[in-house]
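User: I would like to learn how to read a fold of this kind from its strands, its interior and its cysteines. Could you take me through it step by step?

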Amino acid sequence: MRVFETDALPHLADKRVAVCGDWHGNVNWLRTLTAAIPALAPGVTTILQLGDWWMDPAATDQLLRDAGIRRVYVTLGNHEPWNTVTPLLDAHPGAAVRVSEVTWLLPRPARLEIGGRKVLSLGGAASVDRRWRVAGREWWPDEAITDDHVTAAVDGGAADVMLTRESPARTPVRSVREALRTNPMGLPCEALIESAASRVRVSQVWDAVRPVLLMHGHLHSPGGGRTDDGRRVASFGCDGQQGSLAFLDLNTMTLQSPSLRQIREAAKGKEQRGPDSEIRPRGAV
């Protein structure tokens, strides 16, 4: 990947941004999103993407630019081309790296300011499907959240918003708790142990920086919840799934998520509506 630019502390004036769950390199899904976003949220120019990105930037820049998206910030996931990503981040420690006209890869951890809010990004997670992947070609140990990542994230102080790949332990999101309890994929014991340890590391940071809102992908279990002390967690779906797109208002800290039907209808009807009409997303988290 080519390095276009680096930025140690991105500072954006945006008051409203789009947030997306896993893309899994799915250009067709991105084509749907980029057709829908201008209709659902005119004026949104920034996407915060929650990992398992692994897109070819050259294949996606035009789609994003045509939708008015000026920047995509990626909180790196577990299924990324770490053999390429790690050397790139190591060459620019602590900095966000722009790898295309539109796409930025965030370091671990990363600090941003968006719309006057302090944002912390902590990428990485345990691949529960590692047993079925080829080390060095489909899986790399670089995916893991390390103790050094945790220490650096905590040392950065409080944050209003936290972007993670991994769910925190003791999540208030019922759908995530149920998926972890029932193990519907029949994952092996060692995978469950590694996953639990990864979630504990996220919780260590979450409990220290105490964001109003934490948003994560990874588990493909969309839903929202609130802790007893008022902190909110939003779990995002993946490409083609309900709950894979939301719009965050940085003024009110409200998160609105269009239904999958709304996304598809907005994408399908883009040309008939014209550039300035807006479809109101339903449901706030």
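User: Which residue of β4 stands opposite Ala18?

Analyst: Strands of a sheet pair through backbone hydrogen bonds, either parallel or antiparallel. Here Ala18 stands opposite Ile47 in β4, one position in the three bridges by which β3 and β4 run parallel. From β3 the chain passes through α1 to reach β4, a right-handed β-α-β crossover (with the strands pointing away from the viewer, the path from the first strand over the helix to the second runs clockwise). Strands here are DSSP runs of E with at least two residues and helices are runs of H or I with at least four, numbered from the N terminus, and two strands count as paired if DSSP finds at least two bridges between them. Please keep in mind that this is a predicted model, in which local features need pLDDT of at least 70 and side-chain atom pairs count only at pLDDT 80 or more, while totals for chains, interfaces and linings use all residues. Residues are numbered from 1 along each chain as its sequence is written, and side-chain values use heavy atoms, with hydrogens and water left out.

User: What is the strand order of the open sheet of eight strands?

Analyst: The order is β1-β6-β7-β5-β4-β3-β14-β15, with mixed pairing. At its edges stand β1 (5-7) and β15 (254-256), each of which has a single partner strand, so one side of each lacks a neighbour in the sheet. From one strand to the next the twist averages 25°, taken between axes, which are lines fitted to C-alpha atoms (for helices over the stretch in contact), with angles running from 0 to 180 degrees between N-to-C directions. The mixed character can be followed around β3, since its partner β14 runs antiparallel to it over five bridges, with Val19 bridged to Ala246 of β14. β4 (residues 46-49) also pairs with β5 in the parallel sense, over four bridges, and there Gln49 has Val74 as its bridge partner.

User: Is Tyr73 buried or exposed?

Analyst: A residue is called buried under 20% relative accessible area, exposed over 50% and partly exposed in between, using a 1.4 Å probe and protein chains only. Tyr73 lies in strand β5 and is buried, at a relative accessible area of 4%. Leaving aside neighbours within four places in sequence, Tyr73 is in contact (heavy atoms within 4.5 Å) with residues including Ile47, Leu48, Trp104 and Leu112.

User: How many residues does the largest nonpolar core have?

Analyst: A nonpolar core is a set of buried Ala, Val, Leu, Ile, Met, Phe, Trp, Tyr and Cys residues joined through side-chain atoms within 4.5 Å. The largest one has 38 residues, and those with the most contacts inside it are Trp23, Ile47 and Leu245. Among the elements that each supply at least two of its residues are β3 (16-20), α2 (57-66), β14 (245-249) and α7 (260-268), while α1 gives the largest share, eight residues. A second, separate core of 24 residues includes Leu12, Val19, Ala96 and Ala234.

User: What are the covered and uncovered faces of β8?

Analyst: In a regular strand the side chains alternate between the two faces of the sheet. In β8 (residues 110-114), Ala110, Leu112 and Ile114 form the covered face, and Arg111 and Glu113 the uncovered one. β8 belongs to an open sheet of seven strands, ordered β2-β8-β9-β10-β11-β13-β12 with mixed pairing; β2 and β12 (223-226) are its edge strands, each with a single partner, so one side of each has no neighbour in the sheet. β8 pairs in the parallel sense with β2 (residues 11-12) over two bridges, and in the antiparallel sense with β9 (residues 117-122) over five. The β8 and β9 strands form a hairpin with two residues between them, and Gly115 in the turn has a positive phi of about 55°.

User: How many disulfides does the structure hold?

Analyst: A disulfide is a covalent bond between the sulfur atoms of two cysteines. The structure holds zero of them, taking as the criterion a pair of cysteine sulfur atoms within 2.5 Å. The cysteine sulfur closest to that of Cys20 is in Cys238, 12 Å away, which is too far for a bond. Both cysteines are buried, Cys20 at 0% relative accessibility and Cys238 with a relative accessible area of 12%.
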